[in-house]
Every structure is written in C-alpha cells, then in structure tokens.
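Let's take a friendly walk through a protein fold, one step at a time. Keep the picture in view as you read, and try to find each part as it comes up.

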Amino acid sequence: MSKRHSAKYKLDRAMGENLWGRPKSPVNKRSYGPGQHGQRRKQKVSDFGLQLRAKQKLKGYYGNITEKQFSKIYEEADRRKGNTSENLIALLECRLDAVVYRAKFVPTVWAARQFVNHGHVLVNGKKVNIASYRCKAGDVVEVRERSRNMALVLEALQSPERDVPDYIEIDAKAQRATLIRLPELAEVPYPVKMEPNLIVEYYSS
C-alpha cells in the first residue's frame with residue numbers, strides 16, 4: 001500500500017474531523033486530538049493557524065500529495081482566470097487518482113494512487129500510470145479489462161459508502177467513467193467543510 005496507509009487516520013485525529021467519511025475513523029469514537037495532551041482545552045487559533053489547518057486538511061484529503069506538488073497546483077490555480085479557490089479545487093479533482101476514487105473503482109484515495117501506479121487504468125484507451133496525470137473534460141477513464149475482476153474494484157463499486165458526483169458519468173458495468181466537466185467547490189462531495197479561500201490567504205500572506 002502507499003507509504004501513508006498505516007497512518008492515514010492520524011490526520012483525522014489531528015484535525016478532529018472524519019475527512020473521508022469512513023466508518024472506521026477514530027474520530028467517530030474520540031473527537032479529541034491524538035497523544036497524551038489531546039484532551040486539553042483547545043486554545044484560540046490564530047488567523048495563520050486557521051489558514052494552515054485549511055491547507056493541511058485539503059492537501060491531506062488527496063493522499064500523498066507533497067508540499068511541493070500542492071504549492072505548484074496552487075500557483076497554477078492562481079495563474080488561471082477566474083476564482084483561485086474554485087480553480088484549485090478543479091485542478092485537484094482532475095488528477096487521475098482523484099477521478100478513479102470519485103468513480104468508485106477503489107475504496108480510498110490511497111488505493112487510487114496505487115491502482116493507477118500499477119497500470120490498471122486507461123485514459124482514452126491508453127494506459128496511464130501517473131497518479132497526478134491531469135484529466136480534461138471529456139476524458140474517458142476506465143479499468144483495464146484484465147483488472148476488472150479484482151475484488152478491490154468489485155467491492156468498491158458495490159459499496160453504498162459513497163455516491164458518484166454529478167460531474168462524472170459512470171458506466172459501472174463497463175467500469176468506465178467520463179469526466180463531464182470541471183467541478184465547482186459546491187459539487188465536490190467532501191464529507192467535511194473545505195475552505196480553499198483560507199488557502200488563498202495562506203499563500204498570499
């Protein structure tokens with residue numbers, strides 16, 4: 001599995017939120033932070049602290065995106081015309097591993113990265129094994145034929161835990177998904193509130 005698999009729920013506890021809406025999250029039982037000081041009374045957080053927290057939460061949600069990768073995505077979002085917050089979300093959701101996760105081909109964002117890296121995914125009929133590959137509106141993402149009977153895929157597609165968002169058209173039988181359009185923040189099914197506007201303030205300060 002990916003390098004953060006064994007520690008993925010640490011971010012849940014650090015943030016005090018169930019970031020992926022998963023039933024196994026420890027936040028469901030313990031809403032306080034990790035460690036011996038986790039139950040201490042929370043101190044007032046500064047504006048910078050709120051901005052940093054928003055960045056760590058959004059970056060962490062997408063799995064193993066590094067700080068350098070995330071800052072480059074933000075820089076591109078800032079260069080593009082329109083609202084930087086909306087651009088940032090659209091760029092993150094257009095990553096191939098994000099599309100694979102949203103299409104319910106795999107159960108988690110970490111599994112999506114590994115699934116792509118291991119060559120199980122085709123984009124417009126061609127194998128792509130780069131998780132950060134950027135999909136465009138109209139791109140067709142599908143599971144390779146020889147990978148379609150994997151238990152991981154079959155269980156994920158049948159899971160009632162998540163719904164496929166409206167900006168992705170899914171053919172579950174063919175294990176094929178089409179990115180219809182770039183999503184807006186309000187359309188992305190985050191289980192928790194994301195605040196990209198605070199991330200814009202973080203990088204602008």
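Starting from the N terminus, the elements of the protein follow the order α-α-α-α-α-α-β-β-β-α-β-β-α. That comes to eight helices and five strands. What you see is a predicted model. Of its 205 residues, 48% count as buried. Now take the contacts between residues at least 6 apart in sequence: 59% of them join residues at least 24 apart.

Let's look at how some helices meet. Find helix α3, which covers residues 67-79, and then α4, residues 84-93. How do α3 and α4 pack? Their axes are 8 Å apart, at an angle of about 130 degrees. An angle like that makes α3 oblique to α4, and the crossing of the two is right-handed. On the α3 side, the contact is made by F70, I73, Y74, E76, A77 and D78. From α4, the residues T84, N87, L88, L91 and L92 take part. Sorted by class, this contact of α3 with α4 has seven nonpolar, two polar and two charged residues.

Helix α3 has a second partner to look for, at the other end of the numbering. This is helix α8, made of residues 196-204, and the axes of α3 and α8 come within 11 Å and cross at roughly 100 degrees. Is α3 roughly parallel or roughly perpendicular to α8? With that crossing angle, α3 is roughly perpendicular to α8, because angles of 65 to 115 degrees count as roughly perpendicular. Where the two helices meet, α3 brings E67, F70, S71 and Y74, while α8 brings I199, V200, Y203 and S204. By class, there are five nonpolar, two polar and one charged residues in this contact of α3 with α8. If you look back at the names, F70 and Y74 of α3 appear in the contact with α4 and also in the contact with α8.

Stay with α8 for a moment. Which of its residues are buried? They are P196, L198, I199, V200 and Y202. The buried residues of α8 pack against α2 (47-61), α3 and α4. Just before this helix, E195 sits in the loop between β5 (176-179) and α8. Is E195 buried or partly exposed? Its relative accessibility is 28%, so E195 counts as partly exposed. E195 also shows how a chain can bring distant parts of its sequence together: E195 and R53 are 142 residues apart in sequence, but their C-alpha atoms are 9.6 Å apart in space.

Next, go back to the end of α4 and look at the loop that follows. R95 is found there, between α4 and α5 (96-102). Would you look for R95 in a buried or an exposed place? R95 has a relative accessible area of 5%, so it is buried. Leaving aside residues up to four places away in sequence, R95 touches I65, R113, A131, S132 and Y133.

Beside R95 in the sequence is C94, which brings us to the cysteines. How many disulfides does the model have? The count comes to zero. C94 is in no disulfide, and the nearest cysteine sulfur, that of C135, is 7.0 Å away. C135 is likewise in no disulfide, with the sulfur of C94 as its nearest, at 7.0 Å. The reasoning is simple: a disulfide needs a pair of cysteine sulfur atoms within 2.5 Å, so this pair does not qualify, with 7.0 Å between C94 and C135. C94 has 3% relative accessibility and therefore counts as buried. C135, at 3% relative accessibility, counts as buried too.

Finally, turn to the backbone at two loop residues. K104 lies in the loop between α5 and α6 (109-117). Its phi is near 65 degrees, a positive value in a residue other than glycine. K104 counts as buried, because its relative accessibility is 10%, and the cut-off for buried is under 20%. The other residue is Q175, in the loop between β4 (168-171) and β5. Q175 has a positive phi of about 55 degrees, although it is not a glycine. With a relative accessible area of 5%, Q175 is buried.

How values were computed. Residues numbered from 1 in each chain as written. Predicted model: local features only at pLDDT ≥ 70, side-chain atom pairs only at ≥ 80, totals over all residues. Heavy atoms only, no water. Buried < 20%, exposed > 50% of the residue type's maximum accessible area, 1.4 Å probe, protein only. Helix = DSSP H or I, 4+ residues; strand = E, 2+ residues; numbered from the N terminus. Contact = heavy atoms within 4.5 Å. Axes fitted to C-alpha atoms, helices over the stretch in contact; angles between N-to-C directions. Parallel < 35°, antiparallel > 145°, perpendicular 65-115°, else oblique. Left-handed = near helix turned anticlockwise from the far one by under 90°. Nonpolar A, V, L, I, M, F, W, Y, C, P; charged D, E, K, R; others polar.
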